[in-house]
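Have a look at the model below. We'll go through a helix pair, a covered helix and the nonpolar cores.

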Amino acid sequence: MPRTALRICPLCEATCGLTLTIEGTTVTGARGDRDDVFSRGFICPKGAALGGVDADPDRLRTPLVRRDGRLHEATWEEAYQAIADAVPALVSAYGPQSVGVVLGNPNVHTMAGQLYPPLLLKALGTRNLFTASTLDQMPKHVSSGLLFGDPFAIPVPDLDRTDFLLLLGANPVESNGSLCTAPDFPGRLKALRARGGTLVVVDPRRTRTAKLADRHLAPRPGSDALLLAALAHTLLAEELTDPGVLAEHTQGIGELAEALGSFTPEAVAPACDLTAEEIRDLARDLASAPTAAVYGRIGSCTVEYGTLASWLVDVLNILTGNLDRPGGALFPLSATDRAPRPAGPGKGFSLGRWHSRVSGHPEAKAELPMAALAEEIETPGEGRIRALVSIAANPVLSAPDGRRLDAALAGLDFMVSIDPYLNETSRHAHVVLPPAPPSQSAHFDFSFNTFAIRNQVRYSPPAVPLEDGRMDECEIHARLVLAVSGMHGTDPVAVDDLAIGATLARECADPDSPLHGQDPARLAGLLAGAGGPERRLDLMLRLGPYGDRFGEAPALPGSGATGTSAATPDDAAVPGPAPATPASVGPASVGPAPVGLGLEQLRAHPHGIDLGPLRPRLPGLLKTRSGRIELLPDPIAAELPRLRRALAERPAALVLVGRRHLRSNNSWLHNVPALAGGSNRCTLQAHPDDAARLGLTDGHLARITADGGSLEVPVEVTDTLRTGVVSLPHGWGHDRPGTRLSVAAAVPGANVNQLLDGSRLDPLSGTAVLNGFPVELTPIP
């Protein structure tokens, strides 16, 4: 008989609750969980296809080990022995920097991908870390670090209570949101307008999100920072700023007016291809709204001035008094966040503490640009990367100049890949370790809960027992840590025990911790959980802002030094407009939030526990050296002259932007038949006027050329994007030999990132410029 099981969807940032239908050990269906405290039954095509993801016949089921130049199926013991033989020897011979680590986007969608990479990096001792962040959101981490002293202190728009929402470079109706975890983003945008609010979308394409907007502005791609600077200039020049209580926690407002003096609407308008009046009207509407939030995403991050644009988003929220305010942009408080400490100056945030070996790129958040990976492998000399550990990553498709990286990977002495597929990157590995399907894995959203628009906590145990011959993903990671550190053969639970012991030792030594002076070993013995990962989760929950502190008084999450009580977090207790939300979004008030949280309590609430709406948290979360918001930090001030020079530059005649598909997520869902076809196509979209001017025909091929080379792609003529702009989606190009992606290879598409050579970077964050770069188009007869 079929049975049902609950599961949090791991396929995008919305983290919707699912109800799976299971026959035997096979997931035969998935629908939205109506009782989920966060998603309330909402589901998108990706979640509905979880069974297809789970049962994909191309998923690897056993490890692969390279022998005589070819990958062969092997036992787990053989795979880890090969790693243990190779990696420690390379580190001994060439030093820890001879090993690089690459982390892909799916890492933030799994428990293992969040719990173990920090331990792996510590075991290796390498600084050569490359992640998907420098292909996506690193500018936001950098700007938050400079403003607030913490690169993870990223405010999110209070979607359910705001009166005015300004979206830049974001298409959440199709992406489901990013750095803003919000199930049913479309329903929330419709609810905003239904309650009389205003939605303004800034995007060169008339996306599905833009079609919902009250106002759609279509500037030139890459001009977001100029537009935002002109909005801030207008607020300052017309004395429309009202930071309110933020003023006492902010420094640099006076200096900001001088720094932005050149960015008048008249000066900026030609570069943006908007009118000065459009810019002024938008600034005035933003200032006059009862509450408002400005939100920018990948279209404003992966551009030449991505960090400046990300910084200016929060500058606008600060100048209008909407940062850290209900209805504005607030900082979530996750159940596994560190419990609040007394407010005061912190260590601050620094850039460039070390630099890449070849081109001297500065680190940001302990990461180097993904665009620099190929040169670090192929360039001879001391410190050359000879071995690579790639975890849930496919940079051959996701990073600039995949052909160069493809060739570089082929020259590695050794490569380990944790990946369920043999894809364009993992095909180069000497050892491939395949994780079990989602249904056989536990799930907790460590990362996305820190971006959630409502505080809540949910946990999914495995829905299906681990299949014979499989290994749990957490165990795969733990054994990898042991293998690279010369401890192969040790019980993998030792990795979790060491992590637990180190965490408790720090807590018990911290005079600001309620556990100060206690015995770490005794506390470790009190942890619940069936294994190491669950015990670590229990520890994080207990030490978090809602946790039981092993019987000590719980912290009180909220604003100031220690916060306001979590015992009555209903919306009525929070100043600001009451939310008006569709049924799928959830109730306005769900009663008191619990304290004393731990794994056992979480297990007792399979649909999750609501922890209440977002609340003000300043100044308690500030970690700057001044203990205040540093509105004009030195690295930003030093970057502004480069933005001023852009005012005089002549824009390119034709530039390219990417686009998202509702039924896709980067490169890693193209092998699922239920998500293939339809609108999920790799076509080059062009405006009818540009098509006529260039001689392009709908459905025919065109050659597109840029810094990194040329591609031949089918043309799709559409008026949904402005003139002077063409669009090609990210994550395609499944045409290389040696992969095992039968569905994706049948319709491979073109790798848009091959148009880039890696030289175009946002200098502060090291993020690749994937949007707004110049291209040339010629028709192919």
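## A helix pair

The axes of H10 (residues 224-237) and H12 (residues 265-272) come within 9 Å and cross at roughly 160 degrees. Axes here are lines fitted to C-alpha atoms, for helices over the stretch in contact, with angles running from 0 to 180 degrees between N-to-C directions. Helices are DSSP runs (H or I, at least four residues) and strands are too (E, at least two), numbered from the N terminus. H10 and H12 are therefore roughly antiparallel, the word for angles over 145 degrees.

On the H10 side, Leu226, Leu227, Ala230, His233 and Thr234 meet Pro265, Val268, Ala271 and Cys272 of H12; contact means heavy atoms within 4.5 Å.

## How far to trust it

This is a predicted model, where local features need pLDDT of at least 70 and side-chain atom pairs count only at pLDDT 80 or more, while totals for chains, interfaces and linings use all residues. Residues are numbered from 1 along each chain as its sequence is written, and side-chain values use heavy atoms, leaving out hydrogens and water.

## A covered helix

In H6 (residues 138-148), eleven of eleven residues are buried, meaning under 20% relative accessible area (1.4 Å probe, protein chains only). Their packing partners include H15 (306-319) and H24 (634-645). Right after H6 comes glycine 149, with a positive phi near 85 degrees.

## The cores

The largest nonpolar core (buried Ala, Val, Leu, Ile, Met, Phe, Trp, Tyr and Cys residues joined through side-chain atoms within 4.5 Å) has 64 residues. H10 gives the largest share of this core, ten residues. Leu323 is among those with the most contacts inside it.

Terms used: Parallel < 35°, antiparallel > 145°, perpendicular 65-115°, else oblique. Buried < 20%, exposed > 50% of the residue type's maximum accessible area, 1.4 Å probe, protein only.
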